[in-house]
Amino acid sequence: MSKLLICLLIFSVMFAVPGDVVEADEPEVELTVAGGAVGAELEATERAAEMFMEENPEVEVTVYDTPDSTDERRSLYLQYFEAESPEVDVYQVDVMWPGDMADHLLDLYEYGAEDYVDEHIQGIVDNNTTADGELVAMPWFVDAGIMYYREDLLEEYDLDVPETWGELEEKARIIQEGEREENPDFHGYVWQGDAYEGLTCNVLEWFASNDGGTFVSHDEEVTVLNENNEYMLDKAAGWVGDISPSGITGYMEEDARATFQNGNAAFMRNWPYAYPMLEDSEAFGPEDFGVTEIPAGPEGESAATLGGWQIAASEHSDHPEYAAELALFLASEEVQKERALIAGDPPTVKSLYEDEEILEAYPYWEDFYEVFVNAVPRPSTVTAPDYHAVSEAIYSEAHSVLTGDQDALTALEYMEIEIMDITGFPPGDPN
Ligand code: GLC
């Protein structure tokens, strides 16, 4: 072959071929998805976007990764909504938001959602349906607070899995004392103590598991100020700098996961997404950790906060048909299964809880289906459209107790008054 021919060939491989391919497949429609990047979820959303593009070659989907803190993500979305921006076509929406954001989201029933809704957990479909019957988001994945523990360490110290907060405290302390001899960075218990929505989720579990109510009852009463809640808030404040790091007051989900995954904690309160990440821990083996329910308080029973994310299409999209189709695709059984396997996010499609591959990856889901379905919702519907302000009152006051700036009783008095002020609801008994 002549040198010229070789040069031509190299040249055509380097430049001509890719150029031609791009031109031939140039997308007609560009869509963007605003998604999360906690754990492996960005990877899962990107995989789903690829699956959509394989089926729809005329569409190019870009996934934006948004802040881990749900409060910051909300602020970002509100900016887009206020500007009626077409920049984002599809939004990943937290379980408390569909009602408040409804004006900016398409009614997916107008795009064929009725063919799919029955596959999903009914309570979440209801959560995403407005009073006028519009379905403003498809259920995408469900979350519930769960307790991770180091099985190997419980065995080593001859301890059972704790069922109450008191037992957790005691066992965390025993393991911490033992482990610190070798590892000064070891902590008994990690959770989410920063002043943000994640702390509200932890506080709800403390209160509800001790029969102290869920901040605001269905009968529109504020149920914050009672002895059961004071007991729990006091107890949690006692963990800071004892069985939990002093820095726990700045911890979000990923901080807790990193500490636990690095082999520096015995117990962790987190969401299911951490499970597949922990299986890859370099500090312990996949058989060395387990999952149990959130502990019960002395007066109550285990309570898991309901979390989870929905997928919605923007009213301000330049391509509403495509945006809605993408949202429906992302929520489909096929994508939810893939997402579960990659990111550990529990599906909202019920049949997947009987799927062999899924149960092999997450054997605990067989028992935890009931926990997911019966998890305790935050009072977002009853306080709409003011839930965010209510939650801010909860996490700010609780945080001040954790940092030692206020005692539990004073903080609860403020929390109660602030929520009464925001909602206009009277105080009441949790039962
Ligand atoms: C998880 C939950 C979400 C909650 C958030 C708090 O992402 O799914 O509902 O608001 O954690 O940090």
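Colleague: Which helices are included in what covers the buried residues of H17?

Modeller: This is a predicted model, in which local features need pLDDT of at least 70, side-chain atom pairs count only at pLDDT 80 or more, and totals for chains, interfaces and linings use all residues. Residues are numbered from 1 along each chain as its sequence is written, and side-chain values use heavy atoms, with hydrogens and water left out. Helices (H or I, at least four residues) and strands (E, at least two) are DSSP runs numbered from the N terminus; contact means heavy atoms within 4.5 Å. The cover of the buried residues of H17 includes helix H8 (197–208), helix H9 (227–239) and helix H16 (387–402).

Colleague: How wide is the arc that the buried residues of H17 cover around the axis?

Modeller: Buried means under 20% relative accessible area, exposed over 50%, and partly exposed in between (1.4 Å probe, protein chains only). In H17, the buried residues are Ala408, Ala411, Leu412, Met415, Glu416, Ile419 and Thr423. They lie on the same side of H17, because the arc, taken from the directions from the helix axis to the C-beta atoms, is only 135°.

Colleague: Which exposed residues does the face of H17 turned away from its buried side carry?

Modeller: An α-helix has 3.6 residues a turn, so residues three or four places apart point the same way. On H17, the face turned away from the buried side carries the exposed residues Ile417 and Asp421.

Colleague: Which residue caps the N-terminal end of H17?

Modeller: A polar contact is a pair of N or O atoms within 3.5 Å; within protein, one must be able to donate a hydrogen and the other to accept it, and residues adjacent in sequence count only if both atoms are side-chain atoms. Here a side-chain oxygen lies 3.1 Å from the backbone nitrogen of Leu409, and the residue that provides this cap is Asp407.

Colleague: Is strand S9 largely enclosed or largely open?

Modeller: Leu306, Gly308, Gln310 and Ala312 point one way from S9, while Gly307, Trp309, Ile311 and Ala313 point the other way, and all are buried. Since eight of the eight residues of S9 (residues 306–313) are buried, the strand is largely enclosed by the rest of the structure.

Colleague: How many bridges join strand S4 to S9?

Modeller: Two strands pair if DSSP finds at least two bridges between them. One bridge partner in S9 is Gly308, opposite Val142. Strand S4 (residues 138–144) and S9 run antiparallel, and the bridges that join them number six.
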